[in-house]
Each structure stands twice: as C-alpha cells, then as structure tokens.
Amino acid sequence: MFEKNPYEKDETLDIPDFVEDKTTTNSESIDMSIFKMSDDELYDDAEENEEEYREVKPRTGRVNTSLVLCLIIIALLLITSVASLIYAFKQHSAYVKANTSYLQVLANEETYKKQLAEKDATIEALNQQIANNAGKKEDTAGKMTYEITDGPVVFRNKPTRDRDDDTLFNGQHQAYNGEKFQVLEVVKGTDDPDYSYARVGDSIYFCIGNSEETYAKKVN
C-alpha cells in the first residue's frame, strides 16, 4: 500500500525565497535582489534610454524642409536682385539718352538764337543804310529848284502828255510863270522820251520841255 503524499491536495506550493548569503564576504557572492524587483523597476531604465535615444535622434525631415525653403528664398532674392539691376541699367540708359537729346536741343537753340541775332543785326544795318541813302537822295533832290518860265504847265500823275492823267498839287491843276518847286527827280516821258518831267511828289509830275522848248528851268 502506497504512502499518501501529504502535498497531493494542496493546490499552491510554497516556494521559498532565495536566501541572500549575508555571512559571506566573498566578492563572488551573487546579488539576488534583482529577483525581488518589480516590472516598473525593471523597465524604468529601458524607457529612459528610449527617451534619450528619441531626443538625440536628428529630425531629418524638418531640417530638409527648412533647407529647401532657405534655398528657394535665396533663389528668389537673386532673381529679384538681377531684375532690379537690369531695370536700373535700362533706366540709366534712357536717362543718358534723354539728357543727351536735351543738351543737343539746348545747343541747337543757342545756335538758332545766335543766327537770329546776326540776322536781325544785318537787317537793321541794311535798313539804316537804306535810310541814309534815301536821306542823301532827298537832300540832293531838295536842292533842285525849278522855276516855271513858259506856263502854265499841268500837273499829271504820270510822266506823260495824256490829259487823262491830270491831277492836283497843293490844290492846283497847273503851275504858272515865276512859281518855284523843289524837284525830287527828273525823268523821261513814258509816251514820248523827248520830253522831260520834274517829279515834285508821289505820282505828281509837270513837264519841263524838250530840246527845242523849255517850260521850266533849274535855278538852284
């Protein structure tokens, strides 16, 4: 007959704890405290190491995005700078061209002013010369004095013998013997050049005769 196992109906087994050897001082003694540590204590270091790894691990995605953005900004700045330089160069060229044209216009204006001044001076000199010559002619003509010797003679507006050209001088149609006139010039007749006429005013003449007959003579 078998001997009954005293532990056969006992559902739990009492496993004794490892007994730490506190009597020995040998350095090779095993530290059994690790078997008494809880799960939180066991995995605490692992979690800390994992957190340190996460902190040390470089953030490659963010660094690459920032680098791309910086490159894009630099490229835009370069493009803007080049465009600004090109625009400034064009503006400078346009300014130089406009300034050159303006200076040329000023130079032409000065030349035109000088030419106009010279022209005005020439015209004034010619007018003065004409006035002097006219004055000399009138002075010379004024010294010619004719006296009527075989009158009366008729005043005409042309140096002709045509009666249709009769006119008035000082309210008179004719000049009589003894009257004297300041003669401006003596001209030949237009219808008969054998006769001469004395001009005493604008378009006013009287006949002084021909080689055979004398109606007026020069007295001064």
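Which residue in β7 is the bridge partner of Arg199? The partner is Tyr205. This is a predicted model. Two open sheets of three strands appear below, one ordered β4-β1-β8 and the other β5-β6-β7. A nonpolar core, four salt bridges and a nonpolar surface patch complete the briefing.

**The β5-β6-β7 sheet**

- The strands of this open sheet run in the order β5-β6-β7, and their pairing is antiparallel.
- The edges belong to β5 (185-188) and β7 (204-209). Each has a single partner strand, so one side of each has no neighbour in the sheet.
- Neighbouring strands here are turned against each other by 35° on average, direction ignored.
- Five bridges join β6 and β7 in the antiparallel sense. The pairing of Arg199 with Tyr205 in β7 is a bridge partnership.
- Strand β6 covers residues 196-201, and Gly201 belongs to it. Gly201 counts as buried because its relative accessibility is 11%, and buried means under 20%.
- Gly201 and Glu185 are 16 residues apart in sequence. In space, their C-alpha atoms are 9.4 Å apart.

**The β4-β1-β8 sheet**

- This open sheet also has three strands, in the order β4-β1-β8, with antiparallel pairing.
- Here β4 (180-182) and β8 (216-218) stand at the edges. Each pairs with a single strand, so one of its sides is left without a neighbour in the sheet.
- From one strand to the next, the twist averages 30°.
- Strand β1 spans residues 145-148 and pairs with β4 over three bridges, in the antiparallel sense.
- Glu147 has Lys180 as its bridge partner in β4.
- A general point helps here: strands of a sheet pair through backbone hydrogen bonds, either parallel or antiparallel.

**The nonpolar core**

- The largest nonpolar core holds 20 residues.
- Tyr146, Ile148, Phe155, Phe181, Val200 and Phe206 have the most contacts inside this core.
- Strands β1, β6 and β7 each supply at least two of its residues.
- Which strand gives the most to this core? Strand β7 does, with five residues.

**Salt bridges**

- Side chains of opposite charge can pair when their charged atoms come close. The count for this model is four salt bridges.
- Glu109 and Lys113 form one of them, with their closest N and O atoms 3.5 Å apart. The two residues are four apart in helix α2, which means that about one helical turn separates them.
- Glu109 counts as partly exposed, at 34% relative accessibility. Lys113 is also partly exposed, at 46%.
- Asp166 and Arg156 meet through their side chains in another salt bridge, at 2.5 Å from N to O. Both residues lie in the loop between β2 (153-154) and β3 (174-175), ten residues apart.
- Is Arg156 buried or exposed? Arg156 counts as buried, at 11% relative accessibility. Asp166 is partly exposed, with a relative accessible area of 32%.
- Glu185 also forms a salt bridge with Arg199, and here the closest N and O atoms are 2.8 Å apart. Glu185 lies in strand β5 and Arg199 in strand β6, so this pair ties together parts that are 14 residues apart in sequence.
- Glu185 counts as partly exposed, at 26% relative accessibility. Arg199 counts as buried, at 15%.
- Salt bridges with shared partners join Glu185, Arg199 and Asp202 into one network.

**The surface patch on view**

- Val68, Leu69, Ile72, Leu76 and Ile79 make a nonpolar surface patch of about 480 Å².
- Val68 sits in helix α2, which covers residues 60-142.
- Why does Val68 count as partly exposed? The reason is its relative accessibility of 45%, because partly exposed lies between the limits of 20% and 50%.

Note on methods:
Residues numbered from 1 in each chain as written. Predicted model: local features only at pLDDT ≥ 70, side-chain atom pairs only at ≥ 80, totals over all residues. Heavy atoms only, no water. Patch = residues over 30% accessible without salt bridge, like charges linked within 9 Å, V, L, I, M, F, W, Y side chains within 5 Å. Areas by Shrake-Rupley, 256 points an atom, 1.4 Å probe, with all protein chains shown as cover. Buried < 20%, exposed > 50% of the residue type's maximum accessible area, 1.4 Å probe, protein only. Pairing = 2+ DSSP bridges. Axes fitted to C-alpha atoms, helices over the stretch in contact; angles between N-to-C directions. Core = buried A, V, L, I, M, F, W, Y, C linked by side-chain atoms within 4.5 Å.
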